Amino acid sequence: MTATNPVHLILTAVGSVAATVAALGYYGYLHVAKPEDALLLAEFTMLKTIPGEDYRLSLKPASQVAQCIDGVLVLFDTEQKGLTGVLVDQRRQAVRCFGQEAPQAER
């Protein structure tokens, strides 16, 4: 009976994991998040509207514009061109919207 060397088993396991990660990265199944991928554009607060009660708003509009695209609220920044993102809550759940849907291509 021969004793197996545990170093070979450990090197095989590490090599297998490294090869798997390399293959997944090569075929595009891994995405390494960059800080600019999750940029906090602005803080938002929802004002509850109660019938008969007044609330105050600034006359100056925000620098973001929202649009409903495929049922999700997408924000566009008017000051930094090309900066767009999906509006999410504190649990990173997308804010849904009703109404304006993306136009479908005619067949």
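What percentage of the 107 residues in the chain is made up of buried residues? Buried residues (under 20% relative accessible area, with a 1.4 Å probe and protein chains only) make up 9%.

This is a predicted model, in which local features need pLDDT of at least 70 and side-chain atom pairs count only at pLDDT 80 or more, while totals for chains, interfaces and linings use all residues. Residues are numbered from 1 along each chain as its sequence is written, and side-chain values use heavy atoms, without hydrogens and water.

**View 1. The chain has one helix and three strands.** Their order along the sequence is α-β-β-β. Helices (H or I, at least four residues) and strands (E, at least two) are DSSP runs, numbered from the N terminus.

**View 2. Leu-73 lies in strand 2, residues 72–77.** Beyond its neighbours within four places in sequence, Leu-73 is in contact (heavy atoms within 4.5 Å) with residues including Ala-66, Cys-68, Val-86, Leu-87 and Cys-97. Ala-94 is 21 residues from Leu-73 in sequence, and their C-alpha atoms are 7.5 Å apart.

**View 3. Leu-30 is found in the loop between helix 1 (6–26) and strand 1 (64–69).** This residue is partly exposed, as its relative accessible area is 45%, and partly exposed means from 20% to 50%. Leu-30 also belongs to a nonpolar surface patch of about 840 Å², together with Val-17, Val-21, Leu-24, Tyr-26, Tyr-27 and Tyr-29. Such a patch is made of Val, Leu, Ile, Met, Phe, Trp or Tyr residues with over 30% relative accessible area and no salt bridge (a side-chain nitrogen of Lys or Arg within 4 Å of a carboxyl oxygen of Asp or Glu), their side chains being joined within 5 Å.

Technical notes: Patches are made of residues with over 30% relative accessible area and no salt bridge: like charges are joined within 9 Å, nonpolar side chains (Val, Leu, Ile, Met, Phe, Trp, Tyr) within 5 Å. Accessible areas come from the Shrake-Rupley method with a 1.4 Å probe; for residues, only the protein chains shown count as cover.
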